[in-house]
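Notebook open, model loaded. I want the overall picture, then the helix packing, the ligand shell and a few odd residues.

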Amino acid sequence: MSVSLLRVLRASKTSPSSTRSPSETVHPLAMIAVYDAPTAALCCDAGADLLLVGDSLGNVVLGFDSTVSVTLEMMLHHLGAVVRGARQSSRNEVPVVADLPFGTYATIADAARNGAALMQAGAHGLKLEGAASSSLDAVRVLTQMGAPVVGHLGFTPQSALVLNGVVQGKTAAAARQLLEDARRLQDAGCVAIVLEAVPSEVAQIVTQQLVITTIGIGAGATCDGQVLVWHDLVGLSSGAPFRFVKRFAQAHETSQDATRAFVEEVHQSTFPTRDNEYSMPDAELALWREEQVR
Ligand code: KIV
């Protein structure tokens with residue numbers, strides 16, 4: 001059984017408007033975007049507070065160049081794997097949030113139907129992007145249905161084609177708009193908001209002004225939590241990472257070295273060795289050999 005997403009989020013709120021009780025441990029939340037069962041289990045075992053099955057799935061593991069190609073079916077497939085992996089971990093109470101992918105919450109009916117499908121597949125909360133009227137309607141209907149909804153502002157990959165660059169909220173006017181959007185999402189019922197690629201000064205004010213939790217990715221240290229894609233944080237993704245990514249390991253290099261070593265050992269007939277083989281019991285082996293000489 002999973003700990004309530006709301007309990008995890010409330011315990012993280014560090015702003016003066018916090019409603020947390022003094023006995024609750026306050027530390028910024030660590031959320032990790034994952035797409036499969038073993039990685040989900042690994043992240044839970046490593047202490048993650050929340051998992052996200054993000055639609056970054058498309059770019060990170062499915063080979064698309066945008067999240068727009070990700071469908072509900074793809075999300076359901078990977079969400080199922082993550083939920084099973086989280087349940088099998090030593091900390092099987094970690095809540096899993098799932099992204100509603102592009103085009104699945106454009107109308108209230110779509111949002112209700114597709115959000116229900118993700119919740120029925122094991123999500124403990126849903127995330128959607130932007131604060132357009134369709135997004136706000138989606139937040140309202142999902143909240144009324146009883147699904148905790150996380151908003152996503154700043155750089156919103158599903159609408160990357162109409163955004164001007166990566167970092168959002170760089171002018172006073174854009175920062176004001178972002179704060180207004182955050183308030184609208186909160187009023188519509190969001191339980192948290194992801195702030196992606198926004199100046200830390202803007203994220204700080206948004207975090208102070210909101211009662212709900214902010215989770216930053218490229219939004220500075222004052223957010224109530226931080227989220228990174230697992231492949232990025234272990235250094236598994238290749239190419240130059242965004243400024244907001246910290247690689248805590250060099251998994252791409254390590255994996256490539258291991259793969260090269262396997263190929264080389266196969267080519268040189270040094271793998272497998274006796275240690276990697278199975279044998280027949282002696283009596284059966286004798287019979288088998290006898291059969292071969294007949
Ligand atoms: O899709 C995703 O992984 C995300 C996070 C990067 C916040 O939305």
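**Entry 1: the whole chain**

I began with burial: 42% of the 294 residues of the chain count as buried. I'm keeping in mind that this is a predicted model. Next I went through the secondary structure and got eleven helices and eight strands in the chain. I took the box along the principal axes, and the C-alpha atoms fill roughly 85 × 40 × 40 Å. For contacts with a separation of 6 or more, I looked at how far apart the partners sit in sequence: 59% of them join residues 24 or more positions apart.

**Entry 2: α2 against α4**

I looked up helix α2 (residues 37-45) and helix α4 (residues 72-88), whose axes come within 7 Å and cross at roughly 40°. The angle falls outside the parallel class, which ends at 35 degrees, so I have α2 and α4 down as oblique to each other. The handedness of the crossing of α2 with α4 is right-handed. On the α2 side of the contact I listed Ala37, Pro38, Thr39, Ala40, Ala41 and Cys44, and on the α4 side Ala81, Val82, Arg84, Gly85, Ala86 and Gln88. Sorted by class, the contact of α2 with α4 comes to eight nonpolar, three polar and one charged residues.

**Entry 3: α5 against α6**

I did the same for helix α5 (residues 108-120) and helix α6 (residues 133-145): the axes come within 9 Å, with a crossing of roughly 45°. That makes α5 and α6 oblique to each other, therefore, by the angle classes. I checked the hand too, and α5 passes α6 in a right-handed crossing. From α5, I noted Ile108, Ala111, Ala112, Gly115 and Ala116; they meet Asp137, Ala138, Val141, Leu142 and Met145 of α6. I count classes here as eight nonpolar, one polar and one charged.

**Entry 4: Val139**

Staying in helix α6, I picked valine 139. Is valine 139 buried or exposed? I found 28 C-beta neighbours inside 10 Å, and the bar for buried is 20, so valine 139 counts as buried. Which residues beyond four places in sequence is valine 139 in contact with? I wrote down Val149, Gly151, Leu185, Ala188, Gly189 and Cys190. I also took one distance from here: valine 83 is 56 residues away from valine 139 in sequence, and the two C-alpha atoms are 23 Å apart in space.

**Entry 5: around the ligand**

Which residues are around the ligand? My list reads Ala33, Leu52, Gly54, Asp55, Ser56, Asp99, His152, Val194, Glu196, Ile217, Val227 and Val229. I then asked which strands contribute, and β6 (192-196) and β8 (225-229) each supply at least two residues of this shell. By class, I get six nonpolar, three polar and three charged residues in the shell around the ligand.

**Entry 6: backbone oddities**

I scanned for positive phi outside glycine and hit alanine 197, with phi of about 50°. I placed alanine 197 in the loop between β6 and α8 (200-209). Alanine 197 has 23 other C-beta atoms within 10 Å, so I marked it buried.

Serine 269 came up in the scan as well, with a positive phi near 55°. I found serine 269 in the loop between α10 and α11. Serine 269 has 7 other C-beta atoms within 10 Å and the limit for exposed is 12, so serine 269 goes down as exposed.

What is the peptide bond from phenylalanine 271 to proline 272, cis or trans? I read omega near 0°, and the bond is cis. I traced proline 272 to the loop between α10 and α11 (282-293).

**Entry 7: Ala240**

Last stop was alanine 240, in the loop between α9 (230-233) and α10 (251-267). I counted 7 C-beta neighbours inside 10 Å, so alanine 240 counts as exposed. I also set alanine 240 against glutamine 88: they are 152 residues apart in sequence, and 34 Å apart in space from C-alpha to C-alpha. Glutamine 88 was already in my notes, as one of the α4 residues in the contact with α2.

How values were computed: Residues numbered from 1 in each chain as written. Predicted model: local features only at pLDDT ≥ 70, side-chain atom pairs only at ≥ 80, totals over all residues. Axes fitted to C-alpha atoms, helices over the stretch in contact; angles between N-to-C directions. Helix = DSSP H or I, 4+ residues; strand = E, 2+ residues; numbered from the N terminus. Parallel < 35°, antiparallel > 145°, perpendicular 65-115°, else oblique. Left-handed = near helix turned anticlockwise from the far one by under 90°. Contact = placed C-beta atoms within 7 Å. Nonpolar A, V, L, I, M, F, W, Y, C, P; charged D, E, K, R; others polar. Near = placed C-beta within 6 Å.
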